[in-house]
Amino acid sequence: MPTSRRTFVAAVAVAALVLPLSACGSGGDDSGSSDASGKIEGDITFQTWNLKANFKPYFDGLVADFEKKYPGTHVKWIDQPAEGYADKISADAAGGTLPDVVNVSPDLVAPLAKAGLALDLDKAAAKYRKEYLAGAWASHQIPGMTGTYAFPWYLNTGPLFYNKSLFRKAGLDPAQPPKTYGDLFDDALQMAKKSDGKVATLANIPTIEDFGRYGVELMDKQGTGFAFNDAKGVELLTRYKELYDAKALDPQALTATPESSGKKFLTEAVAMNPGSALDLGNFKKQAPNLYKNIGITDQITSTGHVNMYVMGVMVNSKTKHTPAAVAFAHFVTDAEHQMSFAKKVAIFPSTAGSLDDPYFTKEDGTDETRVRIAAAKSLKNAVNYTPVLFSDQMKTALRNEVAKALQGKESPKQALDNAVKQCDTLLQQQG
């Protein structure tokens, strides 16, 4: 179960599955109905993703409450381990054994939607759309297709931590941390200059989410090709190259992991880093001087929208009990149940208005609440920038080309052209 931004990313960054051709098509006797308006009854299966170990009582209660509300229904809950989850879904899809209701991330729902196995909720459950944050609902839409293919479930994001002491030493106002990439680049160069290259502002190279938050058009509207090698994308990478040369970007950023970046921040070699309430507790124990100088701010963005990570609940289009499957998927993700789940683990509800609850707005003096409030505030209009068709192989291709540009082996333009070409090739292989 993802309980922080880092572990959430690790959980959702599963390689995009490629469904066998035998899973495609929508004809035949196996077709379910897209009509969710009938009587809510029948036996359905519900599959979650690595949640049973920590949350069995919650889900047992959820299922019991649903069955009580709708006599004549029976929900069989299945939980799959995190490892091999994508492969399991792919095998079930190919074998015709996909559960009726499935816990998915956007990258997992995309091939299922393309294969005609994910119910279009804009048709079957449009009446529920207004209950969810607009950005969350849109996160399970597939480029080149019309429709929405999963209910949004829990969200996560991470604010940025920054070291107020390092900002002061660089002559920067610790009460005014950078908000946009332009501010960030200016402050980072000043910090590197004032510290003679000893203090970097960032420990990580730009990812696809950074290009999104910078305002780069990541993909064409049809979903047939990537576009992050445009002038704006080249501009972003050029600025990162400038930071790298000035040591405003940590020299080890090319091989950084969340753990190594966190250690750099802990030892005050880096001035800004994403994190969670768990990190604050760690700073308090291991680096009390850093802890007393911690600032919390939003992710850097030039679009006005931070990045969100989102999980969803998909309805199998072949289910024999569409009304029950849709009703249960909505039940799992409605405001009441998302709120109760959010109070058990450090995630956030995707339902409209839920983030205004005092749980997400009222300080109580604890570190956990400080981080929760900061993250919740930014999530209200957040966007899932990672294209649903952007696989782990594509992330690796982008990372490798960005590294070449920062090292001066390729120009930023050449590096992004190469990355787009590789990603487009991988995209064609998916199709």
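These legends go with several close-up views of one predicted model. Local features are given only where pLDDT is at least 70 and side-chain atom pairs only at pLDDT 80 or more, while totals for chains, interfaces and linings use all residues. Numbering starts from 1 along each chain as its sequence is written, and side-chain values use heavy atoms, with hydrogens and water left out.

**View 1. Phe55 meets Phe341 across the chain.** Rings of Phe, Tyr and Trp (its six-membered ring) pair here if their centres lie within 6.5 Å; planes under 30 degrees apart are called stacked, over 60 edge-to-face, and the rest tilted. By that rule the model has 31 aromatic pairs. In the one shown, the ring centres of Phe55 and Phe341 are 5.4 Å apart with planes at 75 degrees, so this pair is edge-to-face. Phe55 belongs to helix H2 (residues 52-69) and Phe341 to helix H15 (residues 335-342), which puts the partners 286 residues apart. Helices (H or I, at least four residues) and strands (E, at least two) are DSSP runs, numbered from the N terminus. Phe55 is buried at 7% relative accessible area, and Phe341 is buried too, at 1%. For the record, buried means under 20% relative accessible area, exposed over 50%, and partly exposed in between (1.4 Å probe, protein chains only).

**View 2. A cluster of linked rings takes in Phe55 and Phe341.** Ring pairs tie these two to others, among them Phe46, Tyr58, Trp77, Trp153 and Phe328. Phe341 is also one of the buried residues of H15, together with His337, Gln338, Met339 and Ala342. What covers them? Among the covering elements are H2, strand E4 (151-156), helix H14 (322-333) and H16.

**View 3. Strands E1 and E2 run parallel, with H2 on the path from one to the other.** Strands count as paired if DSSP finds at least two bridges between them; E1 (residues 42-49) and E2 (residues 73-80) are joined by 8. Look for Thr45, whose bridge partner in E2 is Lys76. The chain leaves E1, goes through H2 and arrives at E2, making a right-handed β-α-β crossover. Right-handed means that, with the strands pointing away from the viewer, the path from the first strand over the helix to the second runs clockwise.

**View 4. E5 pairs with E6 and also with E7.** Both partnerships are antiparallel: 3 bridges join E5 (residues 160-163) to E6 (residues 272-274), and 4 join E5 to E7 (residues 294-297). On the E6 side, Tyr162 has Met272 as its bridge partner. Over in E7, Ile296 stands opposite Phe161. Both faces of E5 are covered, with Leu160 and Tyr162 buried on one side and Phe161 and Asn163 buried on the other.

**View 5. Thr351 sits buried in a loop.** This loop lies between H15 and helix H16 (358-361), and Thr351 has just 1% relative accessibility. Its side chain makes a 2.6 Å polar contact with that of Ser354. A polar contact is a pair of N or O atoms within 3.5 Å; within protein, one must be able to donate a hydrogen and the other to accept it, and residues adjacent in sequence count only if both atoms are side-chain atoms. Setting aside neighbours within four places in sequence, Thr351 is in contact (heavy atoms within 4.5 Å) with residues including Glu131, Tyr132, Leu133, Asp334 and Gln338.

**View 6. Tyr359 has charged company.** Arg372 places its charged end over the ring of Tyr359, 3.8 Å from the centre. Lys343 lies over the face of Tyr359 as well, at 5.5 Å from the ring centre. The rule asks for NZ of Lys or CZ of Arg within 6 Å of the ring centre and within 35 degrees of the ring normal.

**View 7. Two loop residues, Asp196 and Glu268, show positive phi without being glycine.** Asp196, with phi near 55 degrees, is in the loop between helix H8 (181-194) and helix H9 (208-214). Buried or exposed? Asp196 is exposed, at 64% relative accessibility. Glu268 has phi near 65 degrees and falls in the loop between helix H11 (258-266) and E6. At 22% relative accessible area, Glu268 is partly exposed.
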